[in-house]
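Open the structure in your viewer and keep the sequence panel beside it. This tour tells you what to select next and what is there.

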Amino acid sequence: MAEVVVRAEGLTRRFGAFTAVDHISFEVRQGEIFGFLGPNGAGKTTTIRMLLGLLEPTEGRAWVLGYDAARETVRIRPRVGYVSQRFSLYPDLSVEETLWFYGAAYQLPARRLRARIMTVLKQLNLAGQARRLVCHLAGGWRQRMALAVALLHEPEIMFLDEPTAGMDPLARREIWSLLYQLAEQGVTIFVTTHYMDEAEQCSRLALIHGGRLLAQGTPFELKEQAGPEGIVAVSATPLGQAFLILRDWSIFQHVAFHGARIHAYPRDPELSIEQICRSLEEADLKEISVEWIRPSLEDVFLWLVDQAAKGAELPSRSGGVFR
């Protein structure tokens, strides 16, 4: 099994009376793409800042590459790369000048730095932008630029905070292709995102909401552990009336719209589809369709958030996937 390169134990950060990160624990292994999935304000950026020693935890501890994240940051920083959510490069330098500037800050020898600049410009398709001022780059190109800077010194771990924000779908795909290449070379990727399609591409995930870690595991594990039979997908006319019926029906623990259908988590895995159809027919609904399906990551995440909001005990499944 690969070496653990990031570990958090009871990591907590409070700002006055507000708890941004609430006693979270997890491990990240070398060479994996570890995704931190959650909405804005969930605590993702605060967690990264504590792992990088930019913010001291209120409680708990974290280690990166075996070093205490709060007390040994000088040993950690030369070996990691960081792309922050907020763009912070100098706007009046060109792309190439920026790379030379940060390469010198990393104390890379001139010959090696020249080679690394050529490599990252090619990797991120930035060669055609090399002489442009950073202030003239569009949002997606700025994100590529930030990635190029973070890759210059060949870090062992990349901490990426919403790295594809502002990018078009094609550019996002190119960035994720690069992340896979880096992971294959042994680089560990710690990436925050609120995109479900990106979360699907991670080796493992931690689902975070309101500062609490709701669940962690591979995308497959999270979806499989949501229930032995899956969830129920319902379509009917009118759909809004069907939603109200299912929502108020005690046999379901969570009901949500999902496009042109409704997805519902049953309390009883032996629930009969015929029973659901009969109840909807008795309410004079038409064009009724009911089937068992495997939940998506979005289904799992919304269900866990709903359970947490209700104060319900989050389910504990085999393998420790859910907390």
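**Stop 1: a hairpin.** Select strand β9, residues 204–209, together with β10. The two strands pair in the antiparallel sense, over five bridges. This is a predicted model, so treat each stop as a prediction. Now pick L207 and look across to β10: A215 stands opposite. Next, find the turn. Two residues lie between β9 and β10 in this hairpin. One residue in the turn, G210, has a positive phi of about 60°. Then colour β10, residues 212–217, by burial. Five of its six residues are buried, so the strand is mostly covered.

**Stop 2: an open sheet.** Select β1, β2, β4 and β5. In what order do these four strands lie in the sheet? The order is β2-β1-β4-β5, and the pairing is antiparallel. At the edges are β2 (18–29) and β5 (67–68), each of which pairs on one side only. Now zoom in on β1 (residues 4–15) and β4 (residues 59–64). Five bridges join this antiparallel pair. For one of the partnerships, select R7: its bridge partner in β4 is W63.

**Stop 3: a covered helix.** Go to α1, residues 44–51. Why is α1 described as largely enclosed by the rest of the structure? Six of its eight residues are buried, so the rest of the structure largely encloses it. Highlight the buried ones: K44, T46, T47, I48, M50 and L51. A residue counts as buried when its relative accessible area is under 20%. Step past the helix to G53, which follows α1 and has a positive phi near 75°.

**Stop 4: the second largest pocket.** Stay with K44, and add N40, G41, A42 and G43. These five lie nearest the centre of the second largest pocket, which has 17 lining residues. Its space comes to about 210 Å³. Both β2 and α1 supply at least two residues of the lining. By class, this lining has nine polar, five nonpolar and three charged residues.

**Stop 5: the largest pocket.** Select V80, G81, Y82, Y102 and Y106. Of the 21 residues lining the largest pocket, these lie nearest its centre. Show β6 (80–83), α3 (95–105) and α5 (139–151) as well, since each gives two or more residues to the lining. About 590 Å³ of space lies here. What classes of residue make up this lining? It has 14 nonpolar, five polar and two charged residues.

**Stop 6: a cavity.** Now look for enclosed space. The count comes to one cavity of 30 Å³ or more. The largest cavity has a volume of about 40 Å³. Select its lining: I231, H254, A256, H263, Y265, D299 and L302. By class, four are nonpolar, two are polar and one is charged. Three elements each supply at least two of the lining residues: β12 (252–258), β13 (261–266) and α11 (297–309).

**Stop 7: backbone exceptions.** Most residues other than glycine have a negative phi, and most peptide bonds are trans. Here are some places to check against that.

- Select T237 and P238. The peptide bond between them is cis, with omega near -5°. P238 sits in the loop between β11 (231–237) and α9 (239–247).
- Select E154, in the loop between α5 and β7 (157–161). Its phi is positive, near 55°, and it is not a glycine. E154 is partly exposed, at 46% relative accessible area.
- Select D284, in the loop between α10 (273–282) and β14 (286–293). Here phi is positive too, near 65°. Is D284 buried or exposed? D284 counts as exposed because its relative accessibility is 58%, and the cut-off for exposed is over 50%.

**Last stop: the whole protein.** Zoom out. There are 11 helices and 14 strands. The C-alpha atoms fill a box of roughly 75 × 40 × 40 Å along the principal axes. Of the 323 residues, 49% are buried. The protein exposes about 15,500 Å², with 49% of that supplied by carbon and sulfur atoms. Finally, consider contacts with a separation of 6 or more: residues 24 or more positions apart account for 67% of them.

Notes
Residues are numbered from 1 along each chain as its sequence is written. This is a predicted model: local features need pLDDT of at least 70, side-chain atom pairs count only at pLDDT 80 or more; totals for chains, interfaces and linings use all residues. Side-chain values use heavy atoms; hydrogens and water are left out. On a 1 Å grid over the protein atoms alone, a cavity is a set of points where a 1.4 Å probe fits but cannot get out, and a pocket is an open set with protein on both sides within 12 Å along at least five of seven lines; lining residues have an atom within 4 Å of a point. Grid points are joined across faces, edges and corners, and a volume is the space filled by probe spheres set on the points. Ala, Val, Leu, Ile, Met, Phe, Trp, Tyr, Cys and Pro count as nonpolar, Asp, Glu, Lys and Arg as charged, and the others, Gly among them, as polar. Buried means under 20% relative accessible area, exposed over 50%, partly exposed in between (1.4 Å probe, protein chains only). Contact means heavy atoms within 4.5 Å. Accessible areas come from the Shrake-Rupley method with a 1.4 Å probe; for residues, only the protein chains shown count as cover. Two strands pair if DSSP finds at least two bridges between them.
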